[in-house]
Amino acid sequence: MSKSLVIMLHGVGSCGDDLVPLGQLWRAELPDTVFAAPDAPFPFDPGTGHQWFSIAGVTESNRPARVADARAAFDATLLRLMAANGLADCPQRVVLVGFSQGSIMALDAVASGRWPLAAVVAFSGRLSSPLPLAPSSGVPVLLIHGAQDPVINSLETERAAATLRTLGVAAQDIILPGLGHSLSSEGVALAGHFIVQTLAEVG
C-alpha cells in the first residue's frame, strides 16, 4: 500500500503524460508517494487529446452543469487510481493537482464536499461548481495563477480563493507576475512545498 497518492489532472485537449514531469520533480521529497497522471475520460471534441467535459459552446451559465455532469466519470477515475494503490478508503491521503480544466474538476471535488482529501493544488483554474457549495472545510487548497493568463483570467483564482475562504476552507491564492496560461518553475516549487507540508501533517 502506498502511503499517499498525488493525482495530476491535465487541461482540456491534453493528456496525462504532459503532467508526468511534475511527479518526477516532487518524488525526491515524497519517497512514499505515488504520482498518477490519468487521461481524462472523454476525447477532446475538436481533435486529439482528452477532456473532463466539453467546451464546445460552453458559457458562464452552462459550465456549472457540465461540471456536475462530469462528476461521475471524474469520481470513477479517482476511485480506480486509489484502489490500484491500496488507498480505496483513504481519500485523506490523496492530493489532487490540476491544471486549467483539471483545476476546475479538482476544485469541484472540494467545493461539492464529495472528497475529504489531503489537499488540492489548482493551477490556472476557476471555481465553476454548481450551487449550493458545501465544501469539506478540512481540505487545504493552494491556487496558483499567472497574472498574464489570456485563457482564464487570474481574477478567477482570486475569486475562487475568496469564495472558499468564506465557506471555511483554508485557501491560499498566489498570482505570479508575467506568467501566462502555463506552469512555471516558481509555481511548481511552491506547489511541491505545499504538498510536502500537507502530507507531513497527515502522517
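**Note on the salt bridges, the aromatic pair and the cores**

1. Starting at the surface: Glu60 is exposed, at 54% relative accessible area. Here exposed means over 50%, buried under 20%, and partly exposed anything in between, using a 1.4 Å probe on protein chains only.

2. Before going on, the ground rules. This is a predicted model, where local features need pLDDT of at least 70 and side-chain atom pairs count only at pLDDT 80 or more, while totals for chains, interfaces and linings use all residues. Residue numbers run from 1 along each chain as its sequence is written, and side-chain values use heavy atoms, with hydrogens and water left out.

3. Back to Glu60, which makes a salt bridge to Arg126, with 3.8 Å between the closest N and O atoms. The contact links distant parts of the chain: Glu60 sits in the loop between E4 and H2, and Arg126 in the loop between E6 and E7, 66 residues apart. Salt bridge here means a side-chain nitrogen of Lys or Arg within 4 Å of a carboxyl oxygen of Asp or Glu. Helices (H or I, at least four residues) and strands (E, at least two) are DSSP runs numbered from the N terminus.

4. Unlike exposed Glu60, Arg126 counts as buried, at 11% relative accessibility. Arg126 also has a salt bridge with Glu156, at 3.6 Å from N to O. Glu156 belongs to helix H4 and Arg126 to the loop between E6 and E7, so this pair ties together parts 30 residues apart in sequence. Glu156 is buried too, at 14%.

5. Glu156 pairs with Arg159 as well, again as a salt bridge (3.6 Å, N to O). That one is local: both residues lie in helix H4, three residues apart, about one turn of the helix. Arg159 is partly exposed, at 49%. Put together, Glu60, Arg63, Arg126, Glu156 and Arg159 are linked in a salt-bridge network; the search of the whole structure finds eight salt bridges.

6. How many aromatic pairs are there? The count comes to one, taking rings of Phe, Tyr and Trp (its six-membered ring) with centres within 6.5 Å; planes under 30 degrees apart are stacked, over 60 edge-to-face, and the rest tilted. The rings of Trp52 and Phe74 have centres 5.6 Å apart and planes at 70°, so they are edge-to-face. Trp52 is in the loop between strand E4 (50-51) and H2, and Phe74 is in helix H2, so the pair ties together parts 22 residues apart in sequence. Trp52 is buried at 1%, and Phe74 is buried at 0%.

7. Now the largest nonpolar core, meaning buried Ala, Val, Leu, Ile, Met, Phe, Trp, Tyr and Cys residues joined through side-chain atoms within 4.5 Å. It has 38 residues, of which Leu96, Leu117, Val120 and Val141 touch the most other members. Elements supplying at least two residues each include strand E1 (4-9), helix H2 (63-84) and strand E7 (141-146). H3 gives the most, with seven residues. Another core lies apart, with 25 residues, among them Val6, Val121, Leu179 and Val188.
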